Amino acid sequence: MRTHALLAALLLILAASTAQAILLRTFGDQLAVPRGLVMLALLPLLFYLVFISPGRRYRAWGYNMADSELQLRRGVWTQVHTTVPLDRVQHIDISQGPLERMFEVCRLVLHTAGTMHSLVVLPGLDRNTAERMRDEIRARIGREPE
Amino acid sequence: VNGDTAADRRIHPATIALRFVKEVPSTVLALPAGLAFISDLGIGRALLVAAVMAIVMLTLNWLAWSRFRYGVGEREIVIESGVLSRTRRSIPFDRIQDVDIEQPLLARLVGLAKVRIETGGAGRDEGLLDSVTLAEANRLRAVVRASHGAAPSALAPAPAAARPLFEMDLQRVLLFGLFNFSLAFIAGIFAALQTFDDWLPFDLYDWLAAFDRSYADRFTPAAVLALLLLAALLGLAAGMLRTLSRDYGFRLTAEGGRFRRERGLFTRSEVVISKKRLQLALVETGLVRRRLGWFGLSFQTLGSGADAGGLQSAAPFGRKAEVAPILEEANGLRMAEAGEMIPVSSRHVLRILAALPVLLLTLVVAAALWKPWVLLILLALPLFVAFAARARRFHRYRLEDRILFVARGLWRQRLWIVPIANVQAVSLSRSPLQRCLGLATLAFDTAGASLLNTVRIVDLRIGPARELADEVAAYSSGRKSGTDR
């Protein structure tokens, strides 16, 4: 697995801190009286969300591009390991949201004909890697027509 | 392919009337009724509105009809539609999987049929001719078939002769109905009552409350029993009726590269299941049904025209000896006996039982907050344990000859038969609890599956799970395909 630790982690931290801001706002308005108390109770959770979880989530993500299949692994609590045979890929997207553009990462999206995994998303790749992978997979699809 | 095929035919004019009749309840009746309800419209005015609506609807239907044309060319079918914005759609014969003919009750009375041109695409209404005469429908089908026969394309050649595979007589359908016990309609009645509460001459809740008051002391066990019996009978009747209307005259035939299914009492439908688009087979039975030797078979297909969850029923209620030949016909599939399949890890039982503390806690809290008698449910705990122990025995799998068999379910027993070439992705997941127990869940994604109907093996030991996932992925990705291609 190539290292884009910082970028991906930053991305996650940013996401987490947005979530935190939302949390703060909603709870602050609703509970005027024991404000400090609620925040105190939430603090460990927030701490986990902001400082621990992104790192763990990042470390849990992994992929391996084998000869004929792409393997993905993710999940801190429930760990999921997905294998997508490259023959089964229908088409490939590279997508980049505004935040992702800020950190110069992008995600590779594989479309298969299945239902549950009709979209297989591999986030946090840098542009070059993503493009190279896309080309590899594309070549692979092209090589074996039906 | 030339784009000059003339769209020179129209659908049958009676369609205008048919559509109109279909729309009457929702527009001509409902809207004026609604208006009358909201404002203080008199009955005369409401009728007037209804008449105007009727004329408008008829005119619109006539317009749509007059602007809808289709034509059959040498290599394509062309459909032109649209009143304001015109659409011209050309469907090359090569792309047509088959021509489905459906006859809803009304259309059947006047000898018309809906023709659905099946392509691989997902849109159901891609090529819908609603409605033409039955003779014209058959002619269209013949033309498409003939073109497939004349120019062998990627599709199966024109069928030689239809070979009947499975049929259900009235007796069989009724017997099947017995197993289709349904209480859904009771819920439906209550929902309807609630919706139309304001319109009813009595107030439902007052009525219920009165009932409660006057009969509270008469709730003898016998009365409750009688009520349950009544509900059961109603449920049975509802199941029978539904099955009868859906599966009456069920007939499955095989012709070349496809199955053809006809069924229905009121709406007679004819559906084609192309063997090429077949993804997996599902054999379903129940605790009682298995004892009596009845099985149901359905196929999961790609693309449009599915009943539910991408599944097409192929033989809803048949003996094993009847189901097996259909499977054999479907690209050489077969059933696996429970004996030759490997059960999942014995820790599956533990994992199910791990839900117990949660259940207990919920019950105790519910009892504390609400009524103490809820705790009586605790008496059912041994049942739960027994269920967990049995559930494992019915959850089995086997990979053989490039076919993956997965059996699951105690009450509703299902056996998935998946040619692994059709597996789109394999995923192995482990919840924290499963990690503690050294277990994993394997999910096999196939095309056309619904989320509820994914092929899953729950609680395999991690070792075998990894091996199985690897093996399936290897076959499916062609790493091992050298042996038989």
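## A walk through chains A and B

Begin in helix 4 of chain A (residues 127–143), where Glu136(A) and Arg132(A) sit four residues apart, about one turn of the helix. Keep in mind as you go that this is a predicted model. Show both side chains: Glu136(A) and Arg132(A) form a salt bridge, with their closest N and O atoms 3.3 Å apart. Now add the surface. Glu136(A) is partly exposed, because its relative accessibility is 38%. Arg132(A) is also partly exposed, at 39% relative accessibility.

**Stop two: the cysteines**

While chain A is on screen, select Cys106(A). Is this residue buried or exposed? Cys106(A) is buried, because its relative accessibility is 0%. Then jump to chain B and pick Cys436(B), which has 69% relative accessibility and so counts as exposed. If you were hoping to draw some S–S links, there are none to draw: the count over all chains is zero disulfides.

**Stop three: chain B as a whole**

Colour chain B by secondary structure and you will have 16 helices and 21 strands to look through. Chain B runs to 485 residues, and 43% of them count as buried. A contact map is worth opening here too. Taking the contacts in chain B between residues at least 6 apart in sequence, 59% join residues at least 24 apart.

**Stop four: a bridge between two strands**

How many salt bridges are there over all chains? The total is 25, and chain B holds two good ones to visit. For one of them, select Glu262(B) and Arg251(B), whose side chains meet in a salt bridge at 3.8 Å, N to O. This pair links distant parts of the chain: Glu262(B) belongs to strand 10 (residues 258–263) of chain B and Arg251(B) to strand 9 (residues 251–255) of chain B, 11 residues apart. Glu262(B) has a relative accessible area of 21%, so it counts as partly exposed. Arg251(B), with 31%, is partly exposed as well.

**Stop five: a salt-bridge network**

Next, select Glu340(B) and Arg334(B); their side chains form a salt bridge of 3.8 Å, N to O. Now add Arg398(B) and Glu400(B) to the selection: salt bridges with shared partners join these two, Arg334(B) and Glu340(B) into one network. Glu340(B) is partly exposed, with a relative accessible area of 27%, and Arg334(B) is partly exposed with 27% too.

**Stop six: two helix crossings**

Hide the side chains and show helix 1 (residues 14–23) and helix 3 (residues 43–66) of chain B, whose axes come within 9 Å and cross at roughly 140°. The two helices are therefore oblique to each other, and their crossing is right-handed. Bring the side chains back to see the contact, which includes Ile16(B) and Phe20(B) from helix 1 of chain B and Met57(B), Leu58(B) and Trp62(B) from helix 3 of chain B.

For the last view, move to helix 6 (residues 170–179) and helix 9 (residues 221–247) of chain B. Their axes come within 8 Å and cross at roughly 140°, so helix 6 and helix 9 of chain B are oblique to each other. Helix 6 of chain B passes helix 9 of chain B in a right-handed crossing. Zoom in on the contact and you will find, among others, Leu170(B), Val173(B), Phe176(B) and Gly177(B) of helix 6 of chain B, together with Leu236(B), Gly239(B), Met240(B) and Leu244(B) of helix 9 of chain B.

How values were computed:
Residues are numbered from 1 along each chain as its sequence is written. Chains are lettered from A and ligands numbered from 1 in the order in which they are written. This is a predicted model: local features need pLDDT of at least 70, side-chain atom pairs count only at pLDDT 80 or more; totals for chains, interfaces and linings use all residues. Side-chain values use heavy atoms; hydrogens and water are left out. A disulfide is a pair of cysteine sulfur atoms within 2.5 Å. Buried means under 20% relative accessible area, exposed over 50%, partly exposed in between (1.4 Å probe, protein chains only). A salt bridge is a side-chain nitrogen of Lys or Arg within 4 Å of a carboxyl oxygen of Asp or Glu. Axes are lines fitted to C-alpha atoms, for helices over the stretch in contact, and angles run from 0 to 180 degrees between N-to-C directions. Angles under 35 degrees count as roughly parallel, over 145 as roughly antiparallel, 65 to 115 as roughly perpendicular and the rest as oblique. A crossing is left-handed if the near helix is turned anticlockwise from the far one by less than a right angle, and right-handed if clockwise. Contact means heavy atoms within 4.5 Å.
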